[in-house]
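Please open the structure in your viewer and keep the selection panel at hand. The tour below proposes what to select at each stop and then describes what is there.

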Amino acid sequence: MTILDGKKVSNDIKNEIKAEVDKMKAKGEKVPHLAAVIVGDDGASLTYVGSKVRACERVGFESTMVRMPNTTSEIELLDQIEELNENDDIDGFIIQLPLPPQINTQRVLMAVDPSKDVDGFHPENFGRMALDMSTFIPATPFGILELLERYDVDTKGKHTVVIGRSHIVGRPMSILMSRKGWPGNSTVTLTHSNTKNITQITSQADIIISALGVPNFLKAEMVKDDAVIIDVGITRVEDDSKEKGYVITGDVDFENVSKKASFITPVPGGVGPMTIAMLLKNTLLAREQRKG
């Protein structure tokens with residue numbers, strides 16, 4: 001069994017990006033600039049955006065955090081997005097989700113300039129991805145592809161089962177794993193909360209990508225020997241024996257499933273670190289496109 005070490009691979013990617021940025025600086029070129037908009041004071045969102053800002057510092061990007069109060073109206077947020085769209089110094093930006101209930105998330109994401117949509121959430125970018133065209137791939141699916149590639153995991157002709165159909169992970173993964181090329185060329189089954197006999201389906205899978213958000217959902221008896229397991233789930237589970245009072249748990253019963261798997265991602269330290277690394281990679285791509 002091989003651990004797909006997202007922490008190590010994400011560090012490798014950040015080092016590669018930093019080397020590219022150093023070349024830009026040596027030539028006197030503008031370095032990539034990533035902005036993040038956060039509405040409200042959700043603790044998890046603030047932590048996540050803070051880690052993105054630190055990642056930008058590490059690779060030599062410029063970064064801007066735009067903080068707006070929880071009472072921000074949809075119009076005010078759309079005005080801020082328009083400013084970022086028109087600001088030539090900003091190469092890419094993200095809107096940190098979730099947004100407060102008074103704001104229509106879909107309308108907001110639609111307002112982002114697709115050429116600056118480094119999250120890959122805009123319908124234009126999603127459509128380009130579905131058509132195998134050059135585009136920004138959503139960061140978490142992009143990170144999964146990168147892990148599979150760097151660990152030389154064979155996907156051609158394999159049966160991939162995706163658990164969860166979110167627009168951020170499940171649905172794009174189902175498209176990407178079936179595309180021509182590598183990683184891809186697999187036969188994909190997309191499962192979700194209404195799927196019947198899910199164990200029957202997962203037990204036939206060569207590759208399982210679980211993005212359900214249900215702790216320890218995938219048990220050893222649901223997995224065949226030598227399956228590749230990608231665990232996207234990340235849930236805080238209360239645990240009084242721990243100093244923080246909780247543990248971070250994935251969708252996969254790691255202790256038991258890892259005994260049967262050929263490759264598996266840990267939680268934490270698997271897919272999670274890859275997400276920020278690939279957001280940086282998308283921002284580098286956005287800078288190169290704008291330069292062109």
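**First stop: a buried serine**

Select Ser 186, which counts as buried because its relative accessibility is 7%, where buried means under 20% relative accessible area, exposed over 50% and partly exposed in between, computed with a 1.4 Å probe and protein chains only. The model is a predicted one, in which local features need pLDDT of at least 70 and side-chain atom pairs count only at pLDDT 80 or more, while totals for chains, interfaces and linings use all residues. Residues are numbered from 1 along each chain as its sequence is written, and side-chain values use heavy atoms, with hydrogens and water left out.

Ser 186 sits in the loop between α7 (170-178) and β6 (187-191); helices (H or I, at least four residues) and strands (E, at least two) are DSSP runs numbered from the N terminus. Add Thr 160 to the selection, and a polar contact of 3.0 Å appears between its side chain and that of Ser 186, a polar contact being a pair of N or O atoms within 3.5 Å, of which, within protein, one must be able to donate a hydrogen and the other to accept it, with residues adjacent in sequence counted only if both atoms are side-chain atoms. Then add Met 177, whose backbone oxygen lies 2.8 Å from a polar atom of the Ser 186 side chain.

**Second stop: strand β7**

Move to Ser 210, found in strand β7 (residues 207-210) and buried, with a relative accessible area of 0%. Selecting Asp 251 as well shows a polar contact of 2.9 Å between the side chains of Ser 210 and Asp 251.

**Last stop: helix α3**

Finally, select Glu 83 in helix α3 (residues 74-86), which counts as exposed at 55% relative accessibility.
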